[in-house]
Amino acid sequence: MTLKPVRCAIYTRKSTEHNLDLEFNSLHAQREACEAYIKSQMHEGWVLIPDPYDDGGISGASLDRPDLQRLLGDIAAGKVDNVVVYKVDRLTRSLTDFAKLVDIFDRYGVSFVSVTQAFNTTSSMGRLTLNVLLSFAQFEREVIGERVRDKIAASKRKGLFMGGNIPLGYVNKDKKLVILPEEAERVRWLFQRYLELGSLGRLLEEMNRLGLRTKALILSSGKKRGGYPLVRAP
């Protein structure tokens with residue numbers, strides 16, 4: 001009896017762009033492992049779809065990923081029978097998004113396999129195990145986010161500058177905001193004129209008439225940021 005071909009699409013993802021320019025990077029390693037797994041299942045009729053679905057430098061926190069969306073489009077078009085990934089969290093780190101993906105897979109009769117964890121969504125036990133794994137993956141992502149936020153808050157309490165637009169009147173020196181005398185004088189003038197005019201609109205008119213602009217910076221790339229006419233924030 002001839003087996004019906006099971007068309008397998010490999011999806012790979014890497015959260016950062018670090019080392020993506022290497023001749024053999026994480027995406028290649030993931031694909032190589034998936035290809036080997038598909039080859040081991042040839043007796044079940046598995047065949048590889050040569051078209052790659054690779055999202056490099058993109059977080060798994062959402063489904064808004066170019067190649068993932070292209071894969072979902074091919075699934076809806078009936079071109080895919082099985083989605084193969086290296087690890088579950090390569091597909092998504094969110095339980096909510098995973099539920100959405102499983103719903104899409106079920107709708108089109110597509111199964112999902114993680115080659116390093118040997119789970120398959122065609123079985124109820126596989127679904128349970130995948131949900132447990134994704135719970136831990138989501139927990140890990142949230143803990144990392146909390147650590148980053150706590151570190152930024154602690155750094156700010158110590159007076160360290162943690163990035164973003166440098167406010168008018170200051171300059172960044174060794175991760176600390178230091179008062180820039182010539183700009184500080186302009187800031188004091190702006191506050192004084194606002195008190196005198198009593199209107200932000202009139203102050204803006206005067207600043208633009210005098211040619212005052214937002215703080216201009218030269219980035220490390222050589223590009224210029226800022227130096228625009230002042231406007232009222234929405």
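Which residues does Arg31 touch, not counting residues up to four places away in sequence? The list has Ile10, Thr12, Leu48, Ile49, Pro50 and Pro52. Arg31 itself sits in helix α1, which spans residues 26-40. The model is a predicted one. In it, Arg31 has a relative accessible area of 13%. Arg31 therefore counts as buried, since the cut-off for that class is under 20%. One of its contacts, Pro52, is 21 residues away along the chain. The C-alpha atoms of Arg31 and Pro52 are separated by 8.6 Å.

Pro52 leads on to a second charged residue. Asp67 touches Pro52 too, along with Tyr11, Tyr53, Asp54 and Asp55, again leaving out residues up to four places away in sequence. Asp67 lies in helix α2, residues 66-76. Its relative accessible area is 15%. That value is under 20%, so Asp67 is classed as buried. A further spacing helps to place this residue. Between the C-alpha atoms of Asp67 and Asp51 there are 11 Å, and the two residues are 16 apart along the chain.

Three of the residues that Asp67 touches, Tyr53, Asp54 and Asp55, bring us to strand β3. This strand covers residues 53-56, and its side chains alternate. Tyr53 and Asp55 point to one face and are buried. Asp54 and Gly56 point to the other face and are not buried. Strand β3 runs parallel to β1, and four bridges join the two. Within that pairing, Lys14 has Gly56 of β3 as its bridge partner.

Now follow β1 to its other partner. Strand β1 takes in residues 6-14, and three bridges link it to β4 in a parallel arrangement. Cys8 is paired with Asn82 of β4. Strand β4 is covered on both faces. Asn82 and Val84 are buried on one side, and Val83 and Val85 are buried on the other.

Next comes β5, made of residues 111-114. Four bridges join β4 to β5, and these strands also run parallel. Asn82 stands opposite Ser111. Val84 has Val113 as its bridge partner. Asn82 thus appears in two pairings, with Cys8 and with Ser111. What happens on the two faces of β5, covered or not covered? Both are covered. Ser111 and Val113 are buried on one side, and Phe112 and Ser114 are buried on the other.

Return to Cys8 for the sulfur chemistry. How many disulfides does a search of the whole structure find? The search finds zero. Cys8 is in no disulfide, and the nearest cysteine sulfur, that of Cys34, is 10 Å away. Cys34 is likewise in no disulfide, and its nearest cysteine sulfur is that of Cys8. A disulfide here needs two cysteine sulfur atoms within 2.5 Å, so a separation of 10 Å rules this pair out. Cys8 is buried, with a relative accessible area of 0%. Cys34 is buried as well, with a relative accessible area of 0%.

The next stop is Pro167. This residue lies in the loop between α5 (124-157) and β7 (170-173). Is Pro167 buried, partly exposed or exposed? Its relative accessibility is 35%, which falls between the 20% and 50% limits, so Pro167 counts as partly exposed. Leaving aside neighbours within four places in sequence, Pro167 is in contact with Leu177 and Lys215. Lys215 is 48 residues away along the chain, and the C-alpha atoms of Pro167 and Lys215 are separated by 7.5 Å.

Lys215 also takes us to the largest pocket. The volume of this pocket is about 440 Å³. It is lined by 20 residues. The closest to its centre are Leu168, Arg213, Thr214, Lys215 and Leu230. Which elements give two or more residues to the lining? They are α6 (181-197) and α7 (200-209). By residue class, the lining divides into 14 nonpolar, three polar and three charged. Lys215 thus links two parts of this tour, as a contact of Pro167 and as one of the residues closest to the pocket centre.

Key: Residues numbered from 1 in each chain as written. Predicted model: local features only at pLDDT ≥ 70, side-chain atom pairs only at ≥ 80, totals over all residues. Heavy atoms only, no water. 1 Å grid on protein atoms, 1.4 Å probe; cavity = no way out; pocket = protein on both sides within 12 Å on 5 of 7 lines; lining within 4 Å. Points joined across faces, edges and corners; volume = space filled by probe spheres on them. Nonpolar A, V, L, I, M, F, W, Y, C, P; charged D, E, K, R; others polar. Buried < 20%, exposed > 50% of the residue type's maximum accessible area, 1.4 Å probe, protein only. Pairing = 2+ DSSP bridges. Contact = heavy atoms within 4.5 Å.
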